[in-house]
Number of protein chains: 2
Amino acid sequence: MHTQVIDTLKKNQLSITDSRKTILQLFMESDGALAHMDIENNTGEEFDRVTIYRTLQTFVDKGIIHTIPSADNAIRYALCKDACSEGHHHDNHIHFMCDHCSTTYCLDHVEVPALQLPGGFMASRTDMVVSGCCNRCSK
Amino acid sequence: MHTQVIDTLKKNQLSITDSRKTILQLFMESDGALAHMDIENNTGEEFDRVTIYRTLQTFVDKGIIHTIPSADNAIRYALCKDACSEGHHHDNHIHFMCDHCSTTYCLDHVEVPALQLPGGFMASRTDMVVSGCCNRCSK
DNA sequence: TACCACATTGCAACATAGTTGCAAAAAATA
DNA sequence: TATTTTTTGCAACTATGTTGCAATGTGGTA
């Protein structure tokens, strides 16, 4: 199972370090999105705050993870699926944030509908942030 | 022209203070969204940072403005149109953030398309954040 | 207009989030 | 293993946002 982590790092020409392995593993095990805080809580004192920030930034630059816009001023990150690779991104994402458990899901299989924008506006990227009640909480 | 500002404040049962008048006026004159920083820059030393934060929070509570989710960790605010009032919000917003000039528009007249969510997910609110090139920058 | 009750402001202090420079340590390469 | 390059940890700093409390301003009433 570590294989996939190391493969991903190699595929992106990143050197294999403890922090990168551990943080990427966290993303792969999680079905939701993670904020910086979640990672800090999960890894304890193992890594410096700055290292976590820099690792996340590196992953974003490489297209391994992407940021999720939110109104609560905490940047969340989620794994990009295979369709996303460096330089060539799958630029439309739908995210679902549960009002009850606060889990954030990246709904890759839901298609982003086309929009009719006013004249002169050209979209390069569309993020949808849907909030409500997730499948686990609605049971 | 001040009339509209004062009317809005009265309609929401807010006392008329300098900070509220000035900040609401700013929103009415601006066609884009404003972040806390924009307001601080526009008003200079006139008001304390804390007052601006509290005024924005008050306006959000009353449904006069709404927050716009973003991935850059800066909360932006935009005026709610008449359809939004306290308690009864117009909960689907489309926002456009220009990659060039960073102006954020609230596109009230564009309809949010319906989404087919996976089973068990129930949406209560949908925000779309579209980025690209705005009508002024694309000329 | 003057007074009073209440809401709002400004200040200080604190809390959280994120960035930068640099020396030490760890990977990659030879 | 030696050398080069990348990454990490530390310290210090900036930005963003919150809370308690005393002072001031607002709205209603006499």
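Q: How many nonpolar, polar and charged residues does the surface near DNA strand C have?
A: This is a predicted model: local features need pLDDT of at least 70, side-chain atom pairs count only at pLDDT 80 or more, totals for chains, interfaces and linings use all residues, and side-chain values use heavy atoms, leaving out hydrogens and water. A residue is near a strand or molecule if one of its heavy atoms lies within 4 Å of it. Ala, Val, Leu, Ile, Met, Phe, Trp, Tyr, Cys and Pro count as nonpolar, Asp, Glu, Lys and Arg as charged, and the others, Gly among them, as polar. The split for DNA strand C is six nonpolar, six polar and six charged.

Q: Which residues come nearest to DNA strand C?
A: Residues are numbered from 1 along each chain as its sequence is written, while chains are lettered from A and ligands numbered from 1 in the order in which they are written. There are 18 residues around DNA strand C. The nearest are A:I16, B:S19, B:R20, B:T51 and B:R54.

Q: How far does a polar side-chain atom of B:S19 lie from a phosphate oxygen of DNA strand C?
A: Polar contacts are pairs of N or O atoms within 3.5 Å; within protein, one must be able to donate a hydrogen and the other to accept it, and residues adjacent in sequence count only if both atoms are side-chain atoms. A:Y53 reaches a phosphate oxygen of DNA strand C at 3.5 Å. B:T51 does so at 2.4 Å. For B:S19 the distance is 2.3 Å.

Q: Which element gives the largest share of the surface near DNA strand C?
A: Helices here are DSSP runs of H or I with at least four residues, strands are runs of E with at least two, and both are numbered from the N terminus. The top contributor supplies four residues. That element is α4(A).

Q: Which residues are closest to DNA strand D?
A: DNA strand D is surrounded by 19 residues. By class they are six nonpolar, seven polar and six charged. The closest are A:T17, A:S19, A:R20, A:T51 and A:R54.

Q: Which side chain has an N or O atom 2.6 Å from a base oxygen of DNA strand D?
A: Sugar or phosphate accounts for 64% of the atoms of DNA strand D within 4 Å of the protein, and bases for the rest. A:R20 puts a polar side-chain atom 2.7 Å from a phosphate oxygen. B:Y53 has a side-chain N or O atom 3.5 Å from a phosphate oxygen. The base oxygen is approached by A:R54.

Q: Which three residues supply more of the area that chain A buries against chain B than any other three?
A: Buried area is the accessible area (1.4 Å probe) that two parts lose on being put together, summed over both. Between chain A and chain B it is about 3000 Å², with 66% from carbon and sulfur atoms. The top three supply 18% of chain A's part: A:N73, A:L115 and A:F121.

Q: How many residue pairs are in polar contact between chain A and chain B?
A: Contact means heavy atoms within 4.5 Å, and 40 residues of chain A and 40 residues of chain B take part. A salt bridge needs a side-chain nitrogen of Lys or Arg within 4 Å of a carboxyl oxygen of Asp or Glu. The interface has zero of these. With both residues at pLDDT 80 or more, the polar contact count is 13 residue pairs.

Q: Which element supplies the largest share of the side of chain A that touches chain B?
A: β4 (92-98) and β6 (122-133) of chain A each give at least two residues to this side. The largest share is twelve residues, from β6(A).

Q: Which residue is the bridge partner of A:D127 in β6(B)?
A: Two strands pair if DSSP finds at least two bridges between them. β6(A) and β6(B) run antiparallel, joined by eleven bridges. Opposite A:D127 is B:V129.

Q: Which residue forms a salt bridge with A:D18?
A: The whole structure has three salt bridges over all chains. In this one, N to O is 4.0 Å. Both residues lie in helix α2 of chain A, three residues apart, about one turn. The partner is A:K21.

Q: Which strands stand at the edges of the open sheet in chain B?
A: The order of this three-stranded sheet is β1-β3-β2, with antiparallel pairing. Each edge strand has a single partner strand, so one side of each lacks a neighbour in the sheet: these are β1 (34-35) and β2 (65-68).

Q: Which residue of β3(B) stands opposite B:H66?
A: Four bridges pair β2(B) with β3 (76-79) of chain B in the antiparallel sense. The residue opposite B:H66 is B:A78.
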